[in-house]
Amino acid sequence: MLRLGKREFGTHEPVIMAIVNRTPDSFYDRGATFRDEPALARVERAVAEGAAIIDIGGVKAGPGEEVTAEEEARRTVGFVAEVRRRFPDVIISVDTWRAEVGRAVCEAGADLLNDAWGGVDPGLAEVAARYRVGLVCTHAGGAQPRTRPHRIEYDDVMADILDVTVGLAERALALGVPRESIMIDPGHDFGKNTRHSLEATRRLDEMVATGWPVLVSLSNKDFVGETLDRPVKERVVGTLAATAVSAWLGARVYRVHEVAETRQVLEMVSAIAGHRSPAVARRGLA
């Protein structure tokens with residue numbers, strides 16, 4: 001079972017997490033949702049298109065101008081409170097690695113802490129336990145926040161992913177985070193080169209076999225761009241292909257920019273797998 005916020009999700013029910021960047025320099029939208037009104041419009045559209053989770057981030061993942069914890073909180077806490085007011089039933093996630101930011105957004109109404117940097121601040125899991133919210137446990141290859149991988153090597157990348165993410169999940173459980181609200185994430189591009197991310201995708205079923213729900217954050221990432229030699233704005237097709245493979249292998253949650261397109265892919269894969277009936281079925285029946 002997967003339980004987040006007020007919602008429970010069935011075993012074969014895919015979950016879409018829509019990205020809302022509260023940054024002026026995000027790699028994909030270049031600050032399109034930095035201001036409140038465009039960001040709220042993005043939330044409204046994402047929910048209408050089928051997103052169950054809104055993932056709010058106040059610091060871009062890559063290198064750039066320093067963002068203090070105070071500034072990160074300024075970008076996210078009030079916005080979390082407003083999203084909670086306008087959309088009382090939506091699951092609110094915050095992408096942060098800092099425990100102090102985690103505390104502030106939980107006070108404002110967040111349901112989930114998305115720790116994309118692999119537990120670099122151990123206090124974040126403690127915050128999730130204190131507030132009884134969900135936690136994403138990610139493999140980042142030991143990388144420090146906002147750094148890019150450099151000549152990183154693994155004897156077995158999936159073995160390392162499993163060791164780290166399952167370890168983080170078990171620690172979170174021991175601290176008191178609800179088991180049904182913990183997810184593990186292979187961390188595509190984080191502490192990995194393109195070949196590592198491709199292998200992590202290919203072997204995703206090994207993560208699924210642990211029993212922890214698997215979240216994948218594939219959307220327009222560099223491993224897609226390098227694989228196809230495409231710039232950021234031309235990676236949607238590659239992203240959707242990786243999404244279909246991940247769905248077939250059993251991933252549960254998909255962190256994305258393109259909600260409507262992702263939903264169609266997930267519904268199609270679910271129907272092929274026999275978990276969902278066609279929306280309509282007329283052909284050959286009359």
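This briefing covers two pockets and one buried strand. The model is predicted. Its largest pocket has a volume of about 910 Å³, and the second largest has about 450 Å³. Strand 3 (15-21) helps line the largest pocket and is mostly covered.

**Largest pocket**
- The volume is about 910 Å³.
- The lining counts 45 residues, with A61, G62, R148, D189 and F190 closest to the pocket centre.
- Strand 3, strand 9 (215-217) and helix 8 (222-228) each contribute at least two lining residues.
- Helix 8 gives the most, with three residues.
- The lining divides into 17 polar, 15 charged and 13 nonpolar residues.

**Second largest pocket**
- This pocket has a volume of about 450 Å³.
- Its lining holds 24 residues, and T11, H12, G250, A251 and R252 are the closest to its centre.
- Helix 9 (236-249) and helix 10 (259-272) each supply at least two of the lining residues.
- By class, 14 lining residues are nonpolar, six are polar and four are charged.

**Strand 3**
- Seven of the seven residues in strand 3 are buried.
- V15, M17, I19 and N21 point one way, while I16, A18 and V20 point the other way.
- Strand 3 pairs with strand 10 (residues 253-256) in the parallel sense, over four bridges.
- Within that pairing, V253 of strand 10 is the bridge partner of V15.
- Strand 3 also pairs with strand 4 (residues 53-57), again in the parallel sense, over five bridges.
- There, V20 stands opposite I56 of strand 4.

Technical notes:
Residues are numbered from 1 along each chain as its sequence is written. This is a predicted model: local features need pLDDT of at least 70, side-chain atom pairs count only at pLDDT 80 or more; totals for chains, interfaces and linings use all residues. Side-chain values use heavy atoms; hydrogens and water are left out. On a 1 Å grid over the protein atoms alone, a cavity is a set of points where a 1.4 Å probe fits but cannot get out, and a pocket is an open set with protein on both sides within 12 Å along at least five of seven lines; lining residues have an atom within 4 Å of a point. Grid points are joined across faces, edges and corners, and a volume is the space filled by probe spheres set on the points. Ala, Val, Leu, Ile, Met, Phe, Trp, Tyr, Cys and Pro count as nonpolar, Asp, Glu, Lys and Arg as charged, and the others, Gly among them, as polar. Buried means under 20% relative accessible area, exposed over 50%, partly exposed in between (1.4 Å probe, protein chains only). Two strands pair if DSSP finds at least two bridges between them.
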